[in-house]
Amino acid sequence: MAVTEYQERVYALLCQIPKGRVSSYACLSKALSSSPRAVGGALRRNPFAPEVPCHRIICADGSIGGFKGEPQDAPSGINQKEKLRLLKSEGVLFENGFLVERDRMWNDFKV
């Protein structure tokens with residue numbers, strides 16, 4: 001699957017987020033001089049998941065955010081459960097839909 005230059009930039013930065021840490025759409029978009037919506041669009045099309053860890057991107061307020069193109073409030077919730085499972089396997093926990101340990105946030109991107 002062909003990816004755009006922008007998607008390549010997004011995926012390269014995603015790979016900088018260590019296991020057990022998360023970042024936000026806003027933080028990633030700031031590093032790219034872009035917008036959170038553009039980042040979300042690139043994540044939705046990520047053909048390399050989970051090796052390119054799009055599951056490590058959450059909302060700036062600490063909520064889980066969308067996953068696999070579904071918004072976080074999608075009726076089925078299946079994709080959010082998968083995202084929570086992946087993050088939990090890395091030691092990142094959520095309670096009542098929000099990140100438990102704010103020090104898990106990563107924003108040290110090297111562009």
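Which side chain meets that of Asp108 in a salt bridge? In this predicted model, the partner of Asp108 is Lys110, with an N to O distance of 2.9 Å. The two residues fall into separate accessibility classes: Asp108 has a relative accessibility of 40% and counts as partly exposed, while Lys110, at 53%, counts as exposed because the class begins over 50%.

The pair formed by Asp108 and Lys110 belongs to a total of 4 salt bridges in the model. Side chains of opposite charge can pair when their charged atoms come close. Another of these contacts joins Arg104 to Glu101, where the closest N and O atoms lie 3.5 Å apart. Arg104 is partly exposed, with a relative accessible area of 22%. Glu101 is likewise partly exposed, at 32% relative accessibility.

A salt bridge between Arg56 and Glu90 has an N to O distance of 2.8 Å. This pair links distant parts of the chain, the two residues being 34 residues apart. Arg56 lies in the loop between helix H3 (36–44) and strand E2 (57–58), and Glu90 lies in the loop between helix H4 (78–89) and strand E3 (94–95). Both positions fall under the 20% limit and therefore count as buried: the relative accessible area is 10% for Arg56 and 15% for Glu90.

The packing of helix H1 was examined against H2 and H3. Helix H1 (residues 5–14) and helix H2 (residues 25–32) have axes that come within 11 Å and cross at roughly 120 degrees. Because this angle lies outside the range of 65 to 115 degrees for roughly perpendicular axes and is not over 145 degrees, H1 and H2 are classed as oblique to each other. The crossing of H1 past H2 is right-handed. On the H1 side, the contact involves Tyr6, Arg9, Val10, Leu13 and Leu14; these meet Leu28, Ala31 and Leu32 of H2. By class, the residues in the contact of H1 with H2 comprise 7 nonpolar, no polar and 1 charged.

For H1 and H3, the axes come within 10 Å and cross at roughly 85 degrees. This value falls in the range of 65 to 115 degrees, so the two helices are roughly perpendicular to each other. H1 contributes Tyr6, Gln7, Val10, Tyr11 and Leu14 to the contact, and H3 contributes Ala38, Val39, Ala42 and Leu43. The contact of H1 with H3 contains 8 nonpolar residues, 1 polar residue and no charged residues.

Within H3, the residues Val39, Gly40, Gly41, Ala42 and Leu43 are buried. The elements covering the buried residues of H3 include H1, H2 and E2. Of the buried positions in H3, Val39, Ala42 and Leu43 are among the residues in the contact with H1.

A further contact between separate parts of the sequence involves Arg102, which is found in the segment after strand E4 (98–99). Arg102 counts as partly exposed, at 45% relative accessibility. Apart from neighbours within four places in sequence, Arg102 is in contact with Ala60, Asp61 and Gly62. For one of these residues, Gly62, the C-alpha to C-alpha distance from Arg102 is 7.6 Å, at a separation of 40 residues in sequence.

Note on methods
Residues numbered from 1 in each chain as written. Predicted model: local features only at pLDDT ≥ 70, side-chain atom pairs only at ≥ 80, totals over all residues. Heavy atoms only, no water. Axes fitted to C-alpha atoms, helices over the stretch in contact; angles between N-to-C directions. Helix = DSSP H or I, 4+ residues; strand = E, 2+ residues; numbered from the N terminus. Parallel < 35°, antiparallel > 145°, perpendicular 65-115°, else oblique. Left-handed = near helix turned anticlockwise from the far one by under 90°. Contact = heavy atoms within 4.5 Å. Nonpolar A, V, L, I, M, F, W, Y, C, P; charged D, E, K, R; others polar. Buried < 20%, exposed > 50% of the residue type's maximum accessible area, 1.4 Å probe, protein only.
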